[in-house]
Amino acid sequence: MRTEFSLARLADPAIAEADAILRACVHCGFCTATCPTYVLLGDELDSPRGRIYLIKDMLEGDRPAVAEEVKHLDRCLSCLSCMTTCPSGVHYMHLVDHARAHVEKTFRRPWHQRALRTLLARTIPNPSLFRIASAGATLAKPLAPLFDRLGLPQLAAMLRLAPARMLPSPAPSGRVFAAEGPRRGRVGLLSGCVQRVLSPAVNEAAIRVLTRHGFEVVLPDGEACCGSVTHHMGEEDRALSAVRVNVTAFAAELDGAGLDAIISTASGCGTTMKDYGHMLRTDPAFAEPAARVAAKVRDIGEFLHGLGSLNRVPTPALTVAYQAPCSLQHGQKIVREPKDVLARLGFVVRDPAEPHLCCGSAGTYNILQPEIAGRLRARKIANLEALAPDVIAAGNIGCITQIAAGTAIPVVHPVELVDWATGGPPPAGWRSAP
Ligand code: SF4
Ligand code: SF4
């Protein structure tokens with residue numbers, strides 16, 4: 001694609017990068033077929049190629065974003081399916097991240113949108129605040145239909161996603177879990193924000209699996225939200241502040257007792273953490289430690305796959321419908337590994353139809369774009385339920401929450417099944433299933 005940025009503008013590293021990405025696009029349109037919003041809406045401006053043109057026009061014009069551009073960029077899930085499909089290697093993720101930051105700097109949204117986005121950006125990354133907000137949403141859950149009738153579908157969506165019961169206080173960081181048996185290494189684990197509150201059982205299972213297989217596990221003092229929630233909302237400064245906090249916490253462990261890997265059990269977080277080096281590349285104080293931290297990040301499924309055989313105990317040969325999180329399959333290109341780990345442990349793992357399509361979760365998307373997110377969830381659940389599985393497994397808290405809100409089949413994290421099959425308890429979601 002031909003671009004026309006001036007030399008002066010190309011001196012800005014962010015514009016130079018956007019220019020290189022835009023030039024890589026040959027506007028072939030292959031990406032449209034696998035883009036969830038194009039599949040649903042059929043509008044070229046809701047396809048990757050259409051959005052790339054919108055971004056090009058917006059950035060080349062060096063002007064504020066306009067409402068029509070914001071509408072189509074907001075509808076993008078950042079699912080990165082287009083990056084998997086693109087034959088030219090267009091790095092859509094970095095391009096849309098830059099565009100979102102430009103939108104937030106230059107476009108004034110209606111007051112109620114600003115209020116909702118501010119609430120989400122301040123609350124979700126803070127586990128204590130998020131727990132309080134979740135408790136309020138749990139109490140108000142029956143009011144969701146009323147908010148729909150009042151024309152407030154985003155608030156209705158928030159209530160529908162709220163947990164059915166009050167949640168315990170999030171566990172603190174700064175803890176170390178000793179390896180069992182012969183020691184094989186030492187790993188850091190990201191507690192993060194949302195998962196720590198909504199499903200603490202996931203990291204508890206990961207810690208049991210890792211320690212059981214000879215790894216000391218450290219939850220570094222000071223680690224926090226990975227930054228992806230605000231990053232995907234275009235709140236660049238807030239996101240980079242969170243990234244610096246985590247780089248500081250994990251780099252201290254790398255420089256201290258050392259880490260063989262930094263494990264993420266939420267693939268959305270892992271994708272962002274693997275990008276820390278890029279996100280802080282122009283920060284002289286943080287570029288080097290951020291790159292070192294990013295290089296150590298592994299998804300839990302990726303890490304366990306690399307260990308080879310695990311210590312298996314007898315468990316039921318359940319049929320597992322595997323939901324591939326977009327951030328894992330498209331963002332990190334990890335497709336086979338979590339399924340192989342489960343299959344080696346005796347589970348019957350099956351892929352649904354349209355595995356490349358997003359479930360509609362996508363960070364805060366299922367709150368900010370409830371209509372499209374609801375249609376994607378219904379499509380995903382129909383494909384998963386068609387397998388008649390005993391359980392659905394998804395390696396990202398966003399997918400787990402989104403899918404569990406629409407099916408009676410238990411939805412768990414794969415590491416909870418690995419824990420069960422290697423001597424731990426059955427997954428919490430399995431035990432509480434009807
Ligand atoms: S597939 Fe890649 S090169 Fe083709 S239009 Fe989409 S982004 Fe551009
Ligand atoms: S990230 Fe997903 S929704 Fe956005 S343009 Fe690419 S395929 Fe479409």
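Q: A crossing counts as left-handed if the near helix is turned anticlockwise from the far one by less than a right angle, and as right-handed if clockwise; with that in mind, which hand is the crossing where helix 13 passes helix 25?
A: In this predicted model, helix 13 passes helix 25 in a left-handed crossing.

Q: And at what angle do helix 13 and helix 25 pack?
A: Helix 13, residues 200-212, packs against helix 25, residues 414-421, at an angle of about 45 degrees, and their axes are 8 Å apart. That angle makes helix 13 oblique to helix 25.

Q: Which residues make the contact?
A: On the helix 13 side, A201, V202, A205, A206, R208 and V209 take part, and on the helix 25 side V415, E416, V418 and D419 do. By class, the contact of helix 13 with helix 25 holds seven nonpolar and three charged residues, with no polar ones.

Q: OK, another pair then: how do helix 4 and helix 7 pack?
A: Helix 4 and helix 7, the latter covering residues 92-106, pack at an angle of about 50 degrees, with 11 Å between their axes. Since angles from 65 to 115 degrees are the ones called roughly perpendicular and those under 35 roughly parallel, helix 4 is therefore oblique to helix 7. The crossing of helix 4 and helix 7 is left-handed.

Q: Which side chains meet there, by residue name?
A: From helix 4, the residues are P48, R51, I52, I55, M58 and L59, and they meet Y92, L95, V96, A99 and H102 of helix 7. The residues of this contact between helix 4 and helix 7 divide into nine nonpolar, one polar and one charged.

Q: Switching to ligands: which residues come nearest to ligand 1?
A: There are 15 residues around ligand 1, and C25, C28, C31, C86 and V90 come nearest. Helix 4 (48-60) and helix 6 are the elements that give two or more residues to the shell around ligand 1, and helix 4 gives the most, with three residues.

Q: What's the class make-up of the shell around ligand 1?
A: The shell around ligand 1 is made of ten nonpolar residues, four polar and one charged; cysteine is counted as nonpolar in this scheme.

Q: How many residues surround ligand 2, and which are closest?
A: Ligand 2 is surrounded by 13 residues, the closest being C35, P48, C76, C79 and C82. Two or more residues of the shell around ligand 2 come from each of helix 3 (36-41), helix 4 and helix 6. The shell around ligand 2 divides into nine nonpolar, three polar and one charged. P48, one of the closest residues to ligand 2, is also among the helix 4 residues that meet helix 7.

Q: Backbone now: what is phi of L80?
A: Most residues other than glycine have a negative phi. Phi of L80, however, is near 70 degrees, a positive value. L80 lies in the loop between helix 5 (67-74) and helix 6 (81-85).

Q: Is L80 buried or exposed?
A: L80 is buried, because 24 other C-beta atoms lie within 10 Å, where 20 or more are needed.

Q: What about A388, what is its phi and where does it sit?
A: Phi of A388 is near 50 degrees, again a positive value in a residue other than glycine, and A388 has its place in the loop between helix 23 (370-385) and strand 8 (391-394). A388 counts as exposed because it has 10 C-beta neighbours inside 10 Å, and the limit for exposed is 12 or fewer.

Q: How far is V313 from T422 in space?
A: Their C-alpha atoms are 5.3 Å apart, although V313 and T422 are 109 residues apart in sequence. V313 sits in the loop between helix 19 (300-306) and strand 6 (319-323), and, not counting residues up to four places away in sequence, V313 touches A421, T422 and G423. V313 is nevertheless exposed, with 12 other C-beta atoms within 10 Å.

Q: And K333, how far is it from T84?
A: The C-alpha atoms of K333 and T84 are separated by 8.1 Å, with their positions 249 residues apart along the chain. K333 lies in the loop between helix 20 (326-331) and helix 21 (337-344), and it counts as exposed, with 11 C-beta neighbours inside 10 Å.

Q: Last one: how many residues of helix 24 are buried?
A: Eight of the eight residues of helix 24 (residues 397-404) are buried, among them I397, C399, Q402 and A404.

Technical notes: Residues are numbered from 1 along each chain as its sequence is written. Chains are lettered from A and ligands numbered from 1 in the order in which they are written. This is a predicted model: local features need pLDDT of at least 70, side-chain atom pairs count only at pLDDT 80 or more; totals for chains, interfaces and linings use all residues. A residue is near a molecule or strand if its C-beta atom, placed from the backbone, lies within 6 Å of it. Axes are lines fitted to C-alpha atoms, for helices over the stretch in contact, and angles run from 0 to 180 degrees between N-to-C directions. Angles under 35 degrees count as roughly parallel, over 145 as roughly antiparallel, 65 to 115 as roughly perpendicular and the rest as oblique. A crossing is left-handed if the near helix is turned anticlockwise from the far one by less than a right angle, and right-handed if clockwise. Two residues are in contact if their C-beta atoms, placed from the backbone, lie within 7 Å.
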